[in-house]
Amino acid sequence: MLAEYIYNHYGKSVKYIADVAGGQGMLTRILRKKYNYQSEVFDIREWTLVGVPHRQEKFEPQHAGYYDLVVGLHPDGATRAVAEAALIKPTILIPCCNFWDQTKKLGREAMLTEISAFYDKASVKHERVVFDFDSSKNVGLVSAPTSASRR
Ligand SMILES: C[S@@+](CC[C@H](N)C(=O)[O-])C[C@H]1O[C@@H](n2cnc3c(N)ncnc32)[C@H](O)[C@@H]1O
């Protein structure tokens with residue numbers, strides 16, 4: 001489960017989490033209630049689950065500055081903005097459909113390869129992770145900025 005991965009991977013080294021395109025906010029709910037993170041949903045949709053903090057706006061890379069970790073679980077239209085946020089903040093990006101480059105027909109593998117290439121070019125450190133949730137879209141890129149990517 002993604003919340004558990006975040007806890008195991010980052011522990012207390014992060015506190016403020018942007019759950020980008022978080023939808024109804026289930027991930028944020030778990031991150032807050034079970035793991036005590038200050039997580040909030042960033043989503044253009046109107047509502048989230050009761051008790052889930054929500055910024056109803058389009059996520060832009062510059063929003064990342066406030067957070068310790070940016071998570072994009074199947075972030076659709078926010079996919080590129082999450083990848084751009086990776087230049088300055090740790091991110092987990094688990095892309096779903098091709099919102100990376102709509103001029104091309106990209107399947108999951110091709111999209112991950114293109115995002116990896118984008119990270120390489122920008123000097124963002126990253127690894128590919130297969131998450132243990134039940135979906136064909138369970139592969140993501142876990143990244144950390146470097147002094148070169150921040151420039
Ligand atoms: C496939 S859903 C994923 C929801 C949730 N992360 C999950 O995995 O259940 C995609 C979400 O992205 C949101 N979204 C699309 N473009 C966005 C943008 N530019 N900024 C923020 N949210 C966006 C939609 O409103 C929708 O809730």
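In the predicted model, the crossing of helices H1 and H2 is right-handed. Two packed helices are described by the angle between their axes and the distance between the axes; for H1, which spans residues 2–10, and H2, the angle is about 45° and the axes lie 9 Å apart. Because an angle that is neither under 35 nor over 145 degrees, nor from 65 to 115, counts as oblique, H1 is oblique to H2. On the side of H1 the contact is made by Leu2, Ala3 and Ile6, and on the side of H2 by Leu27, Ile30 and Leu31. When these residues are sorted by class, the contact of H1 with H2 has six nonpolar residues, with no polar and no charged ones.

The largest nonpolar core comprises 36 residues, and the members that touch the most others are Ala18, Val20, Val70, Val71, Val82, Ala86 and Leu93. Of these, Val70 can be described through its contacts beyond four places in sequence, which are made with Ala18, Val20, Ala64, Val82, Ala85, Lys89 and Thr91. Ala18, Val20 and Val82 are thus partners of Val70 and are also listed among the members of the core that touch the most others.

Two loop residues stand out by their backbone angles. Most residues other than glycine have a negative phi, whereas Asn36, although not a glycine, has a positive phi of about 65°. Asn36 is placed in the loop between helix H2 (26–33) and strand S2 (38–42), and with 11 other C-beta atoms within 10 Å it is exposed, since the cut-off for that class is 12 or fewer. A positive phi, near 50°, is likewise found at His74, again a residue other than glycine. His74 lies in the loop that connects strand S4 (69–73) with helix H3 (79–85), and its 19 C-beta neighbours inside 10 Å make it partly exposed, because 20 or more would be required for a residue to count as buried.

A further loop position, Pro90, is located between H3 and strand S5 (91–94). Pro90 is buried, as 23 other C-beta atoms lie within 10 Å. With neighbours within four places in sequence left aside, Pro90 is in contact with Leu69, Ser143 and Ala144. Pro90 and Tyr5 are separated by 85 residues in sequence, and the distance between their C-alpha atoms is 14 Å; Tyr5 falls within the range of H1, residues 2–10.

Technical notes. Residues numbered from 1 in each chain as written. Predicted model: local features only at pLDDT ≥ 70, side-chain atom pairs only at ≥ 80, totals over all residues. Core = buried A, V, L, I, M, F, W, Y, C linked by C-beta atoms within 7 Å. Contact = placed C-beta atoms within 7 Å. Helix = DSSP H or I, 4+ residues; strand = E, 2+ residues; numbered from the N terminus. Axes fitted to C-alpha atoms, helices over the stretch in contact; angles between N-to-C directions. Left-handed = near helix turned anticlockwise from the far one by under 90°. Nonpolar A, V, L, I, M, F, W, Y, C, P; charged D, E, K, R; others polar.
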